[in-house]
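Open the model in your viewer and keep the sequence panel at hand. We will go from stop to stop, with a selection to make at each one.

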Amino acid sequence: MSDEQSHLFYQSRQPRPFLDHGEGIYLYDESGKRYIDGSSGAMVSNIGHSNPRVLAKMKAQMDKATFGYRLHFRTRPSEDLAAKVASLVPEGLNRVFFVSGGSEAVETAMKLARQYAVTQGQTSRWKVISRLPSYHGATMGSLGVTGSPLFTGPFAPMFEEMPKIAAPTCYLDRDNLTEEERGLKYAEKLREQIEAEGPDTVLAFLMEPVGGASTGALVAPDSYYTRIAEICREYGILLIFDEVMTGAGRTGKFLAAEHWGITPDIIAMSKGFGAGYAPLGAVVARGDMVEALLDAGGFLHGFTYAGNPLACAAGLAVLEEMEEHDIVGNAARMGEVLKTRLTGLMDRYPFIGDVRGKGLLLAFELVSDRETMKVLPKEWNAHSELVELAYERGLIIYARRTRGGYEGDHFLVCPPLIITEPQIGEIMEILTDALDAFAARHDLPVIEEVSA
Ligand code: PLP
């Protein structure tokens with residue numbers, strides 16, 4: 001069916017084959033062609049496709065009840081999943097609110113923060129400082145904290161633009177600072193922004209602990225995270241981690257926050273949490289904050305599908321599967337293997353400027369000059385061109401041209417966390433072939449004697 005004949009529409013005209021089925025890290029279209037899901041969709045399918053345990057648990061729940069409105073019933077799957085989540089996150093974060101996706105999770109986190117501040121008599125606090133570039137969702141509230149002119153542009157008059165500080169793009173800096181000093185330099189931007197806004201007006205600081213599609217797996221120096229947490233504490237500002245992409249094991253820990261021993265006040269999760277089996281997200285918050293809200297009459301917020309028992313049964317089975325097979329540990333181990341292999345590509349392709357990320361949230365960036373990190377000509381559309389070259393060859397990767405403070409073509413290589421070393425070899429083989437084709441098209445150098 002051509003795109004013109006379809007009644008369905010998404011962001012752009014991009015006819016794709018019909019999906020037939022999935023199995024493990026692979027997807028198959030209706031013609032039988034196989035694709036490696038090298039980006040887990042949009043960093044979603046953390047435990048791979050068609051997992052038998054999850055399917056069985058969902059079927060069992062389907063036979064009992066697929067919906068029970070939360071004001072009429074509690075359900076075992078939602079209660080059990082909340083308990084499971086609380087057991088997996090840092091102590092103190094023990095209250096869970098379910099939603100159906102990442103944007104809803106971010107909206108919920110911000111509204112929870114605000115209503116909590118009101119219960120504390122801090123009615124002047126409403127600003128949520130976030131970063132540029134960043135991505136936090138597509139709804140009006142989440143657009144206000146999203147630092148991406150591409151997605152926010154036309155809608156700017158319709159939402160409240162929140163203050164932004166520069167994301168720590170240390171890999172672009174050509175200064176004499178140590179990594180630790182660079183981290184502190186970027187963290188200080190938060191203090192400056194708080195002072196500029198007026199500390200009494202600032203409610204929270206919201207950040208992706210490891211960047212997603214916004215920055216291409218951007219990780220800050222360790223010092224950044226600890227200093228950010230200190231600054232928030234100092235000013236009585238809530239720290240919200242948007243772990244929609246990083247949560248549920250993607251970075252090699254259940255939460256990315258664990259890498260730095262940080263306990264944010266609120267965490268937003270989705271994507272790998274439902275792992276593609278159900279539209280599911282969660283906001284996990286400090287117990288005392290939630291108690292204060294409930295004492296004051298309750299959280300003035302909710303979605304009809306919140307805590308849907310079928311979605312929660314899927315989420316619970318996903319977490320059980322992850323635990324039983326140490327899938328988070330595998331993400332850490334295979335993340336190291338894949339990162340080393342991707343870094344190895346820099347020997348062969350001088351036009352790869354940077355390889356970065358944590359666990360299996362990894363990315364590489366293409367440039368015309370590695371020394372200066374000069375970007376490729378915009379009109380090449382390198383991000384979509386290389387994606388197509390890989391797709392034709394049966395490998396799905398996820399790419400964007402970063403916009404907002406900095407522009408550049410980055411590519412996320414984020415396979416399901418169940419991937420094995422030989423399967424990483426399969427990814428590298430196709431990726432090398434696609435990069436060779438990209439280099440040939442644009443007359444870019446390839447250093448032949450080094451194999452990927
Ligand atoms: N936050 C982050 C960090 C994301 O990566 C995304 C989606 O890519 C979202 C929020 C929004 O999630 P959703 O598309 O499920 O609404």
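Start by colouring the two parts of the chain: domain 1 covers 53-324 and domain 2 covers 326-442, with bounds that come from an automatic or database domain assignment. Before going further, note that this is a predicted model, in which local features need pLDDT of at least 70, side-chain atom pairs count only at pLDDT 80 or more, and totals for chains, interfaces and linings use all residues. Residues are numbered from 1 along each chain as its sequence is written.

**Stop 1: where the domains meet**

Place a marker at the C-alpha centre of each domain; the centres of domain 1 and domain 2 lie 26 Å apart. The contact between them takes 29 residues from domain 1 and 26 residues from domain 2, where contact requires C-beta atoms, placed from the backbone, within 7 Å. On the domain 1 side, select α6 (149-152) and α10, the elements that give two or more residues to the surface touching domain 2. Helices here are DSSP runs of H or I with at least four residues, strands are runs of E with at least two, and both are numbered from the N terminus. Coloured by class, that side of domain 1 shows 16 nonpolar, 10 polar and 3 charged residues. For these classes, Ala, Val, Leu, Ile, Met, Phe, Trp, Tyr, Cys and Pro count as nonpolar, Asp, Glu, Lys and Arg as charged, and the others, Gly among them, as polar.

**Stop 2: the link between the domains**

Next, select aspartate 326, in the loop between α10 and α11 (327-348). Its phi is near 45°, a positive value in a residue other than glycine. Is aspartate 326 buried or exposed? Aspartate 326 counts as exposed because it has 12 C-beta neighbours inside 10 Å; the cut-offs are 20 or more other C-beta atoms within 10 Å for buried, 12 or fewer for exposed, and partly exposed in between, with C-beta atoms placed from the backbone.

Another positive phi, of about 60°, belongs to methionine 373, also not a glycine. Look for methionine 373 in the loop between β12 (361-369) and β13 (374-375); with 18 other C-beta atoms within 10 Å, methionine 373 is partly exposed.

**Stop 3: the largest nonpolar core**

Now show Ala113, Ala282, Val283 and Leu412, which have the most contacts inside the largest nonpolar core, a set of 132 residues. Such a core is made of buried Ala, Val, Leu, Ile, Met, Phe, Trp, Tyr and Cys residues joined through C-beta atoms within 7 Å. Helix α10 (residues 309-324) gives the most to this core, with 10 residues. Domain 1 and domain 2 both contribute residues, so the core lies between them.

Zoom in on valine 283. Leaving out residues up to four places away in sequence, valine 283 touches Phe97, Val99, Ala105, Thr108, Ala109, Leu112, Ile266 and Ala268.

**Stop 4: strand β9 and its partners**

From valine 283, step across to alanine 268, which stands opposite it. Alanine 268 is part of strand β9 (residues 266-269), where Ile266 and Ala268 on one side and Ile267 and Met269 on the other are all buried. β9 pairs with strand β10 (residues 281-286) in the antiparallel sense over 4 bridges, pairing being assigned when DSSP finds at least two bridges between two strands. Strand β8 (residues 238-243) runs parallel to β9 and is joined to it by 4 bridges. Phenylalanine 241 faces isoleucine 267 of β9 in that pairing.

**Stop 5: around the ligand**

Which residues come nearest to the ligand? Select Gly101, Gly102, Ser103, Gly212 and Val244, the nearest of the 16 residues around the ligand; a residue is counted as near if its C-beta atom, placed from the backbone, lies within 6 Å. Helix α4 (residues 102-119) supplies the largest share of this shell, 3 residues. The shell divides into 7 nonpolar, 7 polar and 2 charged residues.

**Stop 6: the loop after β5**

Finish in the loop between β5 (127-132) and α5 (140-145), home of proline 133. A cis peptide bond with omega of about -5° joins leucine 132 to proline 133. Tyrosine 135 is in the loop between β5 and α5 too, and is buried, with 27 other C-beta atoms within 10 Å. Beyond its neighbours within four places in sequence, tyrosine 135 is in contact with Thr146, Ser148, Gly212, Ala213 and Ser214.

Conventions. Contact = placed C-beta atoms within 7 Å.
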